[in-house]
Amino acid sequence: CHSDDPAYQEKMRAIVDSYVTLPKGEPVLSIDEKTGMQALSRCRLLKPAAPGHEARFEFEYKRNGTRCLFACFNVGTGRVLGQCTRQRKRSDFLAFMDQVASVYRQRRVHVILDNLNTHRDTSRGAFLTEWNSRHGNRFVFQYTPTHGSWLNQIELWFSILSRRILRYGNFRSADDLVEAIRAFIQDWNETEAHPFRWTYEGLPLVR
């Protein structure tokens, strides 16, 4: 999907510059939500991997609800902050941003977001401007180009979460799904957190 954003190059380069040259003492945070995560309980056990075949489930399953994950990836450290919700309303997003603000107390914090209407001010109100004002205007927001949300590094972490937890998960309830995600985030932060060796157009971004 190619971006038709007339300011694509400008927005892309601003984000890439933030990745390549992290502002000293100022965290760069990639934030987004992963919606519609299904708590599926499988009707039959996982078929283990065999030579030439991946592990797989039978096609039958039961749906036990869905959850949304708001998540924040620290580009400089790889640490993740997450919060599961039933919905992804603007109020849920701002509540998660309150959590982010309580963890990141620096005088200036850079946040990369996509263009979802809940992520920014609209004609119906200066929602994010008002939120930032309540937090001392410490946050600087950068938006990906239209159809350029893949520039947000949190998408890479969502892909890891999907492969390790969601793809073969067997959850008896939505609460089981939430607990599995929380456990994965804790384990990631304790044992695996690291900056991504991110690339653009196949070229490594060397610091």
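Colleague: How many bridges join strand β4 to β5, and which way do the two run?
Modeller: Strand β4 (residues 109-113) is joined to β5 by 5 bridges, and the two run parallel. Strands count as paired if DSSP finds at least two bridges between them. Helices (H or I, at least four residues) and strands (E, at least two) are DSSP runs, numbered from the N terminus.

Colleague: What stands opposite L113 and I112 in β5?
Modeller: L113 stands opposite Y143. I112 stands opposite Q142.

Colleague: Before we go on, what sort of model is this?
Modeller: This is a predicted model: local features need pLDDT of at least 70, side-chain atom pairs count only at pLDDT 80 or more, and totals for chains, interfaces and linings use all residues. Residues are numbered from 1 along each chain as its sequence is written, and side-chain values use heavy atoms, with hydrogens and water left out.

Colleague: Back to the sheet. What is the strand order?
Modeller: The order is β3-β2-β1-β4-β5. That is an open sheet of 5 strands with mixed pairing.

Colleague: Which strands are at the edges?
Modeller: β3 (80-85) and β5 (139-143) are the edge strands, and each pairs on one side only. Neighbouring strands of this sheet are turned by 30° against each other on average, direction ignored. Axes here are lines fitted to C-alpha atoms, for helices over the stretch in contact, and angles run from 0 to 180 degrees between N-to-C directions.

Colleague: In what sense do β1 and β2 pair?
Modeller: Antiparallel, over 11 bridges. S30 stands opposite F73 in β2.

Colleague: And how many bridges between β2 and β3?
Modeller: There are 6, again in the antiparallel sense. A71 stands opposite G82 in β3. The hairpin of β2 and β3 has 5 residues between the strands, and G78 takes a positive phi near 85° there.

Colleague: What links β4 to β5 in the chain, and with which hand?
Modeller: Helix α3 (residues 127-134) does, and β4, α3 and β5 make a right-handed β-α-β unit. Right-handed means that, with the strands pointing away from the viewer, the path from the first strand over the helix to the second runs clockwise.

Colleague: Which strands does α2 lie across?
Modeller: Helix α2 (residues 90-103) lies across β1 (28-42), β2 (61-74), β3, β4 and β5. It runs at about 150° to β3.

Colleague: And α4, which strands does that one lie across?
Modeller: Helix α4 (residues 154-166) lies across β1, β2 and β3, running at about 20° to β1.

Colleague: Switching to α5. What does its buried side pack against?
Modeller: The buried residues of α5 pack against β1, β2, β3 and α4. Contact means heavy atoms within 4.5 Å.

Colleague: Which residues of α5 are buried?
Modeller: A174, L177, V178, I181, F184, I185, W188 and N189. They cover an arc of only 125° around the axis, which puts them on the same side of α5. The arc is that of the directions from the helix axis to the C-beta atoms. On the other side, D175, E190 and T191 are exposed. Buried is under 20% relative accessible area, exposed over 50%, and partly exposed in between (1.4 Å probe, protein chains only).

Colleague: How far does α5 reach?
Modeller: Helix α5 (residues 174-192) has 19 residues and reaches 26 Å from its first C-alpha to its last. That is close to the 27 Å expected at 1.5 Å a residue. The expected span is 1.5 Å times one less than the number of residues.

Colleague: What about α1, which of its residues are buried?
Modeller: Y8, M12, I15, V16, S18 and Y19 are buried in α1. They fall within an arc of 155° seen down the axis, so they line one face of the helix. The face turned away from that buried side carries exposed E10 and R13.

Colleague: Now the loops. Is T144 buried or exposed?
Modeller: T144 is buried, with a relative accessible area of 0%. T144 sits in the loop between β5 and α4. Not counting residues up to four places away in sequence, T144 touches several residues, including K11, I15, I112 and L113.

Colleague: Which residues have a positive phi without being a glycine?
Modeller: N137 is one of them, at about 55°. N137 is in the loop between α3 and β5 and is partly exposed, at 49% relative accessible area. H147 has a positive phi of about 60°. H147 lies in the loop between β5 and α4 and is partly exposed, at 46%.
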